[in-house]
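Welcome! Please take a moment to look over the structure below, and then read on for a short guided tour.

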Amino acid sequence: MDRFAVTGISHKFAPVEVRELLAFPAETLPKAFRLLREEFGIEQSVIVSTCNRVEIITFSDHTDIQPVIADFLAKFHRVRHETFQPHLYSHAGEAAVEHLLKVAASLDSLVLGETQILAQIKDAYAIAASEGATGKALNGLLHRAFSVAKDIHSQTAISRGRLSIASVAVDLIRRTFDDLDRRAVLLVGLGEMGELTLRHLREAGVGTVIVANRTHQRALDMAKTIDGEAIPLTLLGDYLHRADIVVSQTAAPGIVISKEMVAKAMKQRGGRSMFLVDLAVPRDIHPEADLVEGVYRYEIDDLQRVVAEASEARTQEVARALELVAAAKAEFAAGMRTVSVEPLLTAIRSRHEALLEAECHRLAATLPPEAAEAAREASRRFMNKVLHQATMVLKDAAREGGDRAVLQVAAQLFGVDGTAAGAPPQRNAGIRFEIGTGANGQGESPAPAVAAPARREPGA
Amino acid sequence: MQAPAIAAPVATIEPMLMTVHGLPEYLDTAEVWLLHGSVLGVTMAAILAVLGLFWPARFAPMPTQVVAALSATALGAYFALRFLESGAEPLRNAFEVLLLISLGVVLAYFASLPRLRRPALAGWVFPGAALTMFTSLLVADAAGPAAANTGVESRLSDPLLLTHILTVILSCALFAFATAVSMVYLLQDRTLRRKRHNRVLQSLPPIEALRGMVVSCTQIGLPLMTVSLVTGFLAIWDQIGEWLAKPLVIMSILMWLVFVLAAVGQYRGWLNGRRFVILILAGFVLILVTFFGTGFIPGKHSFVRELRPTSAETGTNQQGHR
């Protein structure tokens, strides 16, 4: 577990000027992975580079990864250490796992509960995998992070509700109309939020767009960019009945759409519902317009209240989400400990297989073939039964983080001892039946009946 | 149709079921089981659908729809068996009429799915269908032996009466479904007007789709209801003077007028949104009053028999056996 690390900068500690210095465009990632591997000895890494963070997830033998990554970033981006070092953070071991799980579940995001970060991490992982920069360890960790993020999003309300006025407006419109492609939206005025709402509606698939503005030329320009229709503001009353959705944000000092205009439009619409969004201050739409049957009106305060409620609801879910993260972290750590004992178990089994083969070979010389084969099968079954209990005990001991002395004694008992002679069992020494202790460092098991050499200095 | 040989447990349960709510004696074992299976199935579907409104992640719509579809199939099989058995009289009384209405409501839900695309509507529709089925079982006790049955008479040989009964059932089923949709409409309308989030209602169809569905049900249901009235009048043309004074006829005409008012008002544009939907609800209340209220008055459309001695007085059980 200590070999996992997450090092980088984020919106929490680094301003955008620093983040943009260390950003990794997609086309530079192959070169980055090569540099990490060849010059810094980091065989497994994933680089997550978004507008709010740059983080490098690694699995390596470096005991202190932060200066290594700092050197890498300085070299790759050709920047001085001082420009980003004060903002750089690093997590190792279980802290790294926990941080990654939180990031993937959007608990560390600028907008709590946003779902974009998970897709971004998945993309980063896919690129790293395609460049051969991942291995068994990082694969396991990333897949676990994806799974936990999905669970958190589905089991909590962390991503429920919208947190922008424009998206809230679109959500409410969807609760009024489902077939947006057959609906017409009338944009009155060219305010920033109105245009943003229109853009969201366009993305949602709204069909017809009509733009009305005091300056007709601006309306024409806007309509051209969105493939819509422009009308003079003076003809608003004549066109109102055509709109299912009205988004209004003008700079007018008073009411632009009166209750009578809405009532007249509804008569012409044959009862079909109409949704009015008033984003202007002072208001453009008469407050009593929604007293007309079939009309729904939301003004800026209403939308902001919905946003605040959604934000509050998400915040209340953080505790639950953190519980899920903690449980996942503990489970992952237990799994890693269990995996770490696999080389020992493989070595024990291999030694016994070798002994079994030797004895069966001796028997084959004295027994008929059928009897020899029967003896081999019986011996194999006996061996499996004897080793089964030992396997379960060793896996349980590893999963529960038990004393490493248990593993050392087991190795000695079964004659696969890998410790240095006389060396006491220590945290980072002794029997090193862990992922990555093979000669190629890629997490593969050591050769049968051979204990893997320790990669770290005792006591490190 | 004779039932196949039944195992001892079934033989024990069946009489218990028959005595709980006194099903008509002309039902055989297969029909009893199909009937109870469909009632249980629709009830289970209703419970699952309501749970799905509050916990959509845990109670997905598919199992609800499967259970409802199987129940509808069982009920359809029940009616098929009844038709095969009786030859010409699948409908005897209010008990089976209500069952058919329940079936119609469930089928209307499935027919609406391609348009509304919100399976969560089942949480509002299926409880109504289950309630209608339970009501049918409650009135089944009054459906007694066929010989003494003075409930709704159905003769397939008389096309006028057949058309009358079938159009009544279809229009009632459609308006029952429209009522469930109208209630959801009113809830969505209230939520949108009060500008308060409601997680349960977010899974329901958009309000304009609901309005459109109620309009469609009215556009189909009203002509059916009109046909049922006309055929009913034609069937009793010889005695029309006598019939016009009956509460059933008066209530039927009133009920029809309400729906006509709703349809015309919606079409002309002076009855929109909540007012239109509330009028549909009022019309359905009139359907209930017409069907149940007048049904308790002895007569040709009554689903209680003429006043008769009770079982205790005659020493017979509910099936008419000593």
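## Chain A as a whole

Chain A holds 17 helices and ten strands. What you see here is a predicted model, so it helps to keep the confidence values in mind as you explore. Of the 460 residues in chain A, 48% are buried. The surface that chain A exposes comes to about 21300 Å², and carbon and sulfur atoms supply 53% of that area.

How do the contacts in chain A spread along the sequence? Take the contacts between residues at least 6 apart in sequence: 71% of them join residues at least 24 apart.

## The six-stranded sheet

A good place to look next is an open sheet of six strands in chain A. Going across the sheet, the order is β7-β6-β5-β8-β9-β10, and the pairing is parallel. At the edges stand β7 (229-232) and β10 (295-299) of chain A. Each of these two has a single partner strand, so one side of each is left without a neighbour in the sheet. On average, neighbouring strands of this sheet are turned by 20° against each other, direction ignored.

To see one pairing in detail, find strand β8 (residues 245-248) and strand β9 (residues 274-278) of chain A. These two strands run parallel and are joined by four bridges. Here A:Ile245 stands opposite A:Phe275 in β9(A).

## Helices across the sheet

Which helices lie across β9 and β10 of chain A? One is helix α13 (residues 300-316) of chain A, which runs at about 75° to β10(A). Another comes from chain B: helix α6 (residues 159-194) of chain B also lies across β9 and β10 of chain A, running at about 30° to β10(A).

## How confident is the prediction?

For the complex, the predictor gives an ipTM of 0.72 and a pTM of 0.65. Chain B has an average pLDDT of 77, with 73% of the residues scoring at least 70. Within chain B, confidence is highest in helix α7 (residues 207-235), at a mean of 91, and lowest in helix α11 (residues 311-314), at 44.

Two stretches of chain B deserve a careful eye. Over residues 1-6 of chain B the pLDDT is below 50, and this stretch has ten contacts in the model beyond near neighbours in sequence. Residues 144-155 of chain B also have a pLDDT below 50, with 34 contacts beyond near neighbours in sequence. Where pLDDT is low, the predicted coordinates should not be read in detail.

Terms used. Residues numbered from 1 in each chain as written. Chains lettered and ligands numbered in written order. Predicted model: local features only at pLDDT ≥ 70, side-chain atom pairs only at ≥ 80, totals over all residues. Heavy atoms only, no water. Buried < 20%, exposed > 50% of the residue type's maximum accessible area, 1.4 Å probe, protein only. Contact = heavy atoms within 4.5 Å. Areas by Shrake-Rupley, 256 points an atom, 1.4 Å probe, with all protein chains shown as cover. pLDDT = per-residue confidence, 0-100. Pairing = 2+ DSSP bridges. Axes fitted to C-alpha atoms, helices over the stretch in contact; angles between N-to-C directions.
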